Amino acid sequence: MKMHKSLQKIDSVVFSDYILKHYGPMSHLKLQKLIFYCDAYCLAYFDKELVTDQFEAWVHGPVSRKVYNSLKDKSILYSDLIYSKKEGEDVDVEFGKLTQDQQDLILSVLGDLSKWTGIELEAATHKEKPWLEARKGYSEADKCNELISKDTTRLFYKTEINGGI
């Protein structure tokens, strides 16, 4: 992939709507992990974040509080969220503002990981350094809102895509 100086960011709530529109109903749990992984792989490939949100190391994995707050009245952890168009918002236009390389990467990540369940995605994050590092000193069931380091995330997934080198 070519590096572009014109890399863009997308609002995480708009991006969550894009995912729901194109990948169908899903749990809040799954949606949060898909957003996290898209941001993580953008950090790894482009050294730039996709969303400006900081992810917190909650019991069930990485969570964007901004997305959580936007959906908390519409969802519980395992019930499915559905896309509903918001007045004045066109998620496809917003997604189209990303570079072609960003779009290609995100569609690849979503194509692969949208087939996973929320529980599978949660389990994956629980084995990976970014979430584990942020939860140091907390037991598995402890409430935690420690921030997951974007730098740790970038380096971890960059190493992963380079074959664990």
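Which helix does V109 lie in? I opened the notebook with that one, keeping in mind that this is a predicted model.

**Entry 1: V109 and helix α5**

I found V109 in helix α5, which runs over residues 100–113. Next I looked up its accessibility: V109 counts as buried because its relative accessibility is 8%, and the cut-off for buried is under 20%. Setting aside neighbours within four places in sequence, I listed Y37, C38, Y41 and S114 as the contacts of V109. I also checked V109 against C42: the two are 67 residues apart in sequence, yet their C-alpha atoms are 9.8 Å apart in space.

Then I turned to the helix as a whole. The buried residues in α5 are D101, Q102, Q103, L105, I106, V109, L110 and L113. I noted that they pack against α1 (12–23), α2 (28–46), α4 (91–96) and α6. For length, I compared expectation with model: 14 residues at 1.5 Å a residue should give α5 a span of 20 Å, and its end C-alpha atoms are indeed 20 Å apart, so the two agree.

**Entry 2: the cysteines**

How many disulfides does a search of the whole structure find? I got zero. I wanted a reason, so I took C42 and looked for the closest cysteine sulfur, which belongs to C38. The gap is 6.8 Å, too far for a bond, given that a disulfide needs the sulfur atoms within 2.5 Å. C42 counts as buried, at 1% relative accessibility. I looked up C144 too, and at 4% relative accessibility C144 is also buried.

**Entry 3: T125 and the hairpin**

I located T125 in helix α6, residues 118–125. Is T125 buried or exposed? T125 counts as buried, since its relative accessibility is 1%. Beyond neighbours within four places in sequence, T125 touches K33, Y37, G61, P62 and W131.

G61 and P62 sent me to the strands, as β3 covers residues 61–64. Strand β3 pairs with β2 (residues 55–58) in the antiparallel sense, over four bridges. The two strands form a hairpin, with two residues between them. I also noted which residue stands opposite E56: V63, in β3.

**Entry 4: E89 in a loop**

I found E89 in the loop between β4 (80–81) and α4. At 13% relative accessibility, E89 counts as buried. Apart from neighbours within four places in sequence, E89 is in contact with V14 and D17. E89 and V14 are 75 residues apart along the chain, while their C-alpha atoms are separated by 8.0 Å.

**Entry 5: helix α8**

My last stop was α8, residues 150–161. At the start of α8, I saw a side-chain oxygen of S149 that reaches to within 3.2 Å of the backbone nitrogen of D151. After α8 comes G163, with a positive phi near 80°. The span check worked here as well: 12 residues at 1.5 Å a residue should cover 16 Å, and the end C-alpha atoms of α8 are 16 Å apart, which agrees.

Which residues of α8 are buried? My list reads K150, T152, T153 and Y157. They cover an arc of only 155° around the axis, so they sit on the same side of α8. As a reminder to myself, an α-helix has 3.6 residues a turn, so residues three or four places apart point the same way. Finally, I noted that the buried residues of α8 pack against α2, β2 and α7 (129–134).

Conventions:
Residues are numbered from 1 along each chain as its sequence is written. This is a predicted model: local features need pLDDT of at least 70, side-chain atom pairs count only at pLDDT 80 or more; totals for chains, interfaces and linings use all residues. Side-chain values use heavy atoms; hydrogens and water are left out. Two strands pair if DSSP finds at least two bridges between them. Buried means under 20% relative accessible area, exposed over 50%, partly exposed in between (1.4 Å probe, protein chains only). Contact means heavy atoms within 4.5 Å. The expected span of a helix is 1.5 Å times one less than its number of residues. The arc is that of the directions from the helix axis to the C-beta atoms. A polar contact is a pair of N or O atoms within 3.5 Å; within protein, one must be able to donate a hydrogen and the other to accept it, and residues adjacent in sequence count only if both atoms are side-chain atoms.
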